[in-house]
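The exercises below are meant to be worked with the sequence and the coordinates side by side. Each task is followed by a solution that proceeds step by step.

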Amino acid sequence: MTRAVCPGSYDPVTVGHVDVFRRAATLFDEVVVAILHNPAKQGTFTVDERVAFIEAQVGDLGNVRVAPFANRLVVDVCAELDAQVLLKGLRGETDFSYEWPMALMNRHLTGVETLFIPGDPRHEHVSSSLVKEVARFGGDVTGLVSDEVRDALVERLPRP
């Protein structure tokens, strides 16, 4: 069985993330969406909320599961899950420049390989932090996140 881990904080999950999860599901026997978090840091959404948001968007896929992991290296998550591959979506050159050294370090540490999947160009401008910033200042993030996530952002984020 080929198992891939898609790590991230997913605070919040965006349409770009979900696109990568769905495409990965066609390539691997199992995809684990690993929500990596530091319990000492407060995110916009709780880990349980993030799990629920993602599950609501990939629940129709029988080979994708979502699991939280706290305070550990992603390579240790891969070892625990017996995952052969780390899978990362890339929006462009900046993502590649950021991810490349981490991929090399992860391979150095445990031998796990990182595979990059190009993101859909329609979502190249979408990031969790940018979505939160736009929502915080009253901008419409419809189509960048699910309606459920959009509504939760509007309710949760304080307006300046």
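**Exercise 1. A helix and its surroundings**

Against which elements do the buried residues of α4 pack? Work this out in the model, which is a predicted one, and then examine the geometry of the helix.

*Solution.* Begin with the residues themselves: in α4, D95, E99, A103 and N106 are buried. Next, look at what lies against them: the buried residues of α4 pack against α3 (74-81), β4 (85-90) and β5 (113-118).

The length of the helix can then be checked. Helix α4 covers residues 93-110, 18 residues in total, and because a rise of 1.5 Å a residue is expected, the span should be 26 Å; the end C-alpha atoms are indeed 26 Å apart, so the two values agree. The axis should be inspected as well, since α4 bends by about 30° at E99, with a proline, P101, following within four residues. Finally, move just past the end of α4, where G111 adopts a positive phi of about 90°.

**Exercise 2. The two largest pockets**

Which residues lie closest to the centre of the largest pocket, and which element gives the largest share of its lining? Describe the second largest pocket in the same terms of volume, lining and residue class.

*Solution.* The largest pocket holds about 1200 Å³ of space. Its lining comprises 43 residues, of which P7, G8, K88, Y98 and E99 are the closest to the centre. Sorting the lining by element, two or more residues come from each of β1 (3-8), α1 (15-25), β2 (30-37), α3, β4, α4 and α5 (128-136). Among these contributors α4 gives the largest share, with seven residues. Residue E99 therefore links this exercise to the previous one, because E99 is among the residues closest to the pocket centre and is also the site of the bend in α4, while the helix to which it belongs agrees with its expected span. By class, the lining of the largest pocket divides into 18 nonpolar, 15 polar and 10 charged residues.

Turn now to the second largest pocket, whose volume is about 170 Å³. Its lining is made up of D11, H37, N38, P39, K41, Q42, G43, T44, F45, T46, V47 and R50. By class, this lining has three nonpolar, six polar and three charged residues.

**Exercise 3. A cis peptide bond and a buried serine**

Which peptide bond is cis, with omega near 5°, and which residues does S128 touch beyond its sequence neighbours?

*Solution.* The bond to find is the one from D11 to P12, which is cis with omega near 5°; P12 lies in the loop between β1 and α1. Then locate S128, which is found in helix α5. With a relative accessible area of 15%, S128 falls under the 20% limit and therefore counts as buried. Leaving out residues up to four places away in sequence, S128 touches D11, P12, T14 and H17, so that both residues of the cis bond are among its contacts, and its burial at 15% can be viewed together with them.

**Exercise 4. Loop residues, buried or exposed**

Are F28, L61, G62, N71 and D82 buried or exposed?

*Solution.* Take the buried loop residues to start with. F28, in the loop between α1 and β2, has a relative accessible area of 11% and is therefore buried. Apart from neighbours within four places in sequence, F28 is in contact with T2, A4, N63, V85, L87 and L115. The C-alpha atoms of F28 and V64 are separated by 9.5 Å, although their positions lie 36 residues apart along the chain. L61, in the loop between α2 and β3, is likewise buried, at 18%, and its contacts outside the four-place window are R22 and A25.

The exposed residues follow. G62 shares the loop between α2 (47-58) and β3 (64-70), yet at 85% relative accessibility it counts as exposed. N71, in the loop between β3 and α3, is exposed at 57%, and it has a positive phi of about 50° although it is not a glycine. D82, in the loop between α3 and β4, is exposed at 52%, and its phi, near 55°, is again positive in a residue other than glycine.

Note on methods
Residues numbered from 1 in each chain as written. Predicted model: local features only at pLDDT ≥ 70, side-chain atom pairs only at ≥ 80, totals over all residues. Heavy atoms only, no water. Expected span 1.5 Å × (residues − 1). Bend = angle between axes of the 7 residues up to and from the residue. Buried < 20%, exposed > 50% of the residue type's maximum accessible area, 1.4 Å probe, protein only. Contact = heavy atoms within 4.5 Å. 1 Å grid on protein atoms, 1.4 Å probe; cavity = no way out; pocket = protein on both sides within 12 Å on 5 of 7 lines; lining within 4 Å. Points joined across faces, edges and corners; volume = space filled by probe spheres on them. Nonpolar A, V, L, I, M, F, W, Y, C, P; charged D, E, K, R; others polar.
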